[in-house]
Amino acid sequence: MRYGSAWSAIIQLVRDGHSWSGNERNRLLLNCGEAGFADVSSSVGLDHEGDGRALAIVDWDQDGDLDLWYRDRSAPRLRLMLNRHAPAQGARDFVALKLEGTTCNRDAIGAVVEVIVDGAPGRLVKSVRAGDLFLSQSSRWLHFGLAEAGVIREIRVRWPGSGWEVFADTEVGGAYLLKQGSGAAAKIERTPRKIQP
């Protein structure tokens, strides 16, 4: 009885325009390494007011950088924030990977991927997850920002319930399908999409 009454009171507060989170503005923190984190929310345009509910990270326009979909409780409820990162002419400072399991689960949930590059940062690690953020799921593509690294030496995948597999012949700026047991990275051509503001 008390539980039901409490939820009814909360729902009425929401209908009356009160906030779930105390009207906190959305925040984006930049990892500055040893210097800690810097709040860059306003400089990149992500400090909107609204009770944030969900966030999904995806290369929506397929131009090689990550974009954000996020949902607020208040209007506008859904926003697409396109990353307008402009690398130097001809530079391709990323690699995008999609995994496909054969003896493990097809989506390769739980796989760990290491990208080994010449120069900084040297070694990058990510894992394939399901349900990675609150009330949302980002893309299953693993996107690695490579900064100034010019050459990918190898990509290593530890498949769920299995050992490591090495994939070679990948290039900076490419998108690849890594299929378990194939040992070869299959290049995928992705055409950038023009999205009107």
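How far apart are the mean positions of the positive and negative charges of the protein chain? They sit 7 Å apart, with 25 charges of each sign going into the comparison.

**Figure 1. The whole chain, as a predicted model.** Start with the overall picture: the protein chain has one helix and 13 strands. Going along the sequence, the helix comes at the start of the pattern, and the strands follow it. Along the principal axes, the C-alpha atoms take up a box of roughly 60 × 40 × 40 Å. Out of 197 residues, 30% count as buried. As for the outside, the accessible surface is about 12,200 Å², and carbon and sulfur atoms account for 53% of that. Among contacts between residues at least 6 apart in sequence, 47% bring together residues at least 24 apart.

**Figure 2. How confident the prediction is along the protein chain.** The mean pLDDT is 86, and 92% of the residues get to 70 or more. If you want the two extremes, look at strand S3 (residues 52-58), where confidence is lowest at a mean of 85, and at strand S12 (residues 175-179), where it is highest at 97.

**Figure 3. Inside the largest nonpolar core.** This core has 22 residues, and the ones touching the most other members are Leu97, Leu99 and Val115. Which elements give two or more residues to it? They are strands S6 (94-100), S7 (112-117), S9 (142-145), S10 (152-158) and S12.

**Figure 4. A closer look at leucine 97 and its contacts.** Set aside the neighbours within four places in sequence, and leucine 97 still has plenty to show: it is in contact with Val113, Val115, Arg140, Trp141, Leu142, Phe144, Ile155, Tyr176 and Leu178. One of these partners, Val115, is also named with Leu97 among the core residues that touch the most other members.

**Figure 5. Glutamine 62, a residue with a positive phi.** You'll find glutamine 62 in the loop between S3 and strand S4 (67-72). Its phi is about 55°, even though it is not a glycine. Is this residue buried, partly exposed or exposed? Glutamine 62 is partly exposed, with a relative accessible area of 24%.

**Figure 6. Aspartate 169, another positive phi outside glycine.** Here the view moves to the loop between strand S11 (164-167) and S12, where aspartate 169 lies. The phi of aspartate 169 is near 60°. Aspartate 169 counts as exposed because its relative accessibility is 74%, and the cut-off for exposed is over 50%.

Note on methods
Residues are numbered from 1 along each chain as its sequence is written. This is a predicted model: local features need pLDDT of at least 70, side-chain atom pairs count only at pLDDT 80 or more; totals for chains, interfaces and linings use all residues. Side-chain values use heavy atoms; hydrogens and water are left out. pLDDT is the predictor's confidence in each residue, from 0 to 100. Helices (H or I, at least four residues) and strands (E, at least two) are DSSP runs, numbered from the N terminus. Buried means under 20% relative accessible area, exposed over 50%, partly exposed in between (1.4 Å probe, protein chains only). Contact means heavy atoms within 4.5 Å. Accessible areas come from the Shrake-Rupley method with a 1.4 Å probe; for residues, only the protein chains shown count as cover. Lys and Arg count as positive and Asp and Glu as negative; His and the chain ends are not counted. The place of a charge is taken as NZ of Lys, CZ of Arg, CG of Asp or CD of Glu. A nonpolar core is a set of buried Ala, Val, Leu, Ile, Met, Phe, Trp, Tyr and Cys residues joined through side-chain atoms within 4.5 Å.
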